[in-house]
Amino acid sequence: MAEPEEQQAPALESAEGVQLVAHEDFLGAVEAVLMVAEEPVTPAELSAAVKIPEHQVVSLLDELRAEADGAGGGRRRGFELREVAGGHRYYSRMDYADQVSAFVLGGQTARLSQAALETLAIIAYRQPVARSQVAAIRGVNVDGVVRTLVHRGLVDTAGADPVTGATLYTTTRMFLEKLGVGSLEELPRLSPHLPGVEAAEGHGEDA
């Protein structure tokens, strides 16, 4: 009578379908790529880098996320794996935001002004929106602030208003990345507290 085969942790099959590589090797490879990524990495990009099928990458991402969250009795790490703007990236955990802010703001990091933050918030909740509409809400000229936000990559143009011809502005993928959210739907429900821009629709805007 044949002896039962020893149960082993399943290995992942390489893209060529021939060589089998240890599960931990691929897990470490995906983790290493994510550690050096400066923006969210899609499963397709990870698949090409690690050379395994995309569905296997998705499984590895789930495992890395659970591992960072302390699944199975492990230590909950100071970072977490988030799905943001169609990709995945490691972020510091919000529990330690005060400590991280103290470190970052103690350096030479350029911060947005209060005016820029207010303008960015209006664009985020009212987009697509013209400069004149943002100015009507804030009560001040925002041309310079909007240019700064465009230069920072947080805001971009999105065509023109069909009625007034004014340039419209929207937030960018980088905006989502900086906030650590996957879509605008994840923003806090603050829009009801912002003044409407309808009254500003009659205002023109310089080209």
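**Two buried loop residues and a helix pair**

Hi everyone, let's start with a threonine: T172 is buried, with a relative accessible area of 18%. Before I go on, please keep in mind that this is a predicted model.

So where does T172 sit? You'll find T172 in the loop that links β7 (167-171) to α8 (173-179). At 18%, T172 falls under the 20% cut-off, and that is why I call it buried. What does its side chain meet there? A polar atom of the T172 side chain lies 2.5 Å from the backbone oxygen of G153. If we set aside neighbours within four places in sequence, the contacts of T172 are G153, L154, V155 and D156.

Now let's turn to another loop residue, R93. This arginine is in the loop between β4 (87-92) and α4 (97-105). Is R93 buried or exposed? R93 counts as buried, with a relative accessibility of 4%. Its side chain has a polar atom 3.1 Å from the backbone oxygen of A68. Not counting residues up to four places away in sequence, R93 touches A68, D69, R76, R77, G78, F79 and E80.

A68 brings us to the helices, since α3 covers residues 54-68. Two packed helices are described by the angle between their axes and the distance between the axes. For α2 (residues 43-50) and α3, that angle is about 105 degrees, and the axes are 9 Å apart. The two helices are therefore roughly perpendicular to each other. Which residues make the contact? On the α2 side they are P43, A44, L46 and S47, and on the α3 side E54, V57, V58 and L61. By type, the residues of this contact comprise six nonpolar, one polar and one charged.

Let me stay with α2 for a moment. Its buried residues are P43, L46, S47 and V50. They span an arc of only 105 degrees around the axis, so they lie on the same side of α2. If you like the general picture, an α-helix has 3.6 residues a turn, so residues three or four places apart point the same way. And what do the buried residues of α2 pack against? Their partners are α1 (23-36), α3 and β4. That last one is the strand just mentioned with R93, whose loop runs between β4 and α4.

One last detail on the way out of α2: the helix is followed by K51, which has a positive phi, near 65 degrees.

That's my tour, and thanks for listening!

Methods. Residues are numbered from 1 along each chain as its sequence is written. This is a predicted model: local features need pLDDT of at least 70, side-chain atom pairs count only at pLDDT 80 or more; totals for chains, interfaces and linings use all residues. Side-chain values use heavy atoms; hydrogens and water are left out. Axes are lines fitted to C-alpha atoms, for helices over the stretch in contact, and angles run from 0 to 180 degrees between N-to-C directions. Helices (H or I, at least four residues) and strands (E, at least two) are DSSP runs, numbered from the N terminus. Angles under 35 degrees count as roughly parallel, over 145 as roughly antiparallel, 65 to 115 as roughly perpendicular and the rest as oblique. Contact means heavy atoms within 4.5 Å. Ala, Val, Leu, Ile, Met, Phe, Trp, Tyr, Cys and Pro count as nonpolar, Asp, Glu, Lys and Arg as charged, and the others, Gly among them, as polar. Buried means under 20% relative accessible area, exposed over 50%, partly exposed in between (1.4 Å probe, protein chains only). A polar contact is a pair of N or O atoms within 3.5 Å; within protein, one must be able to donate a hydrogen and the other to accept it, and residues adjacent in sequence count only if both atoms are side-chain atoms. The arc is that of the directions from the helix axis to the C-beta atoms.
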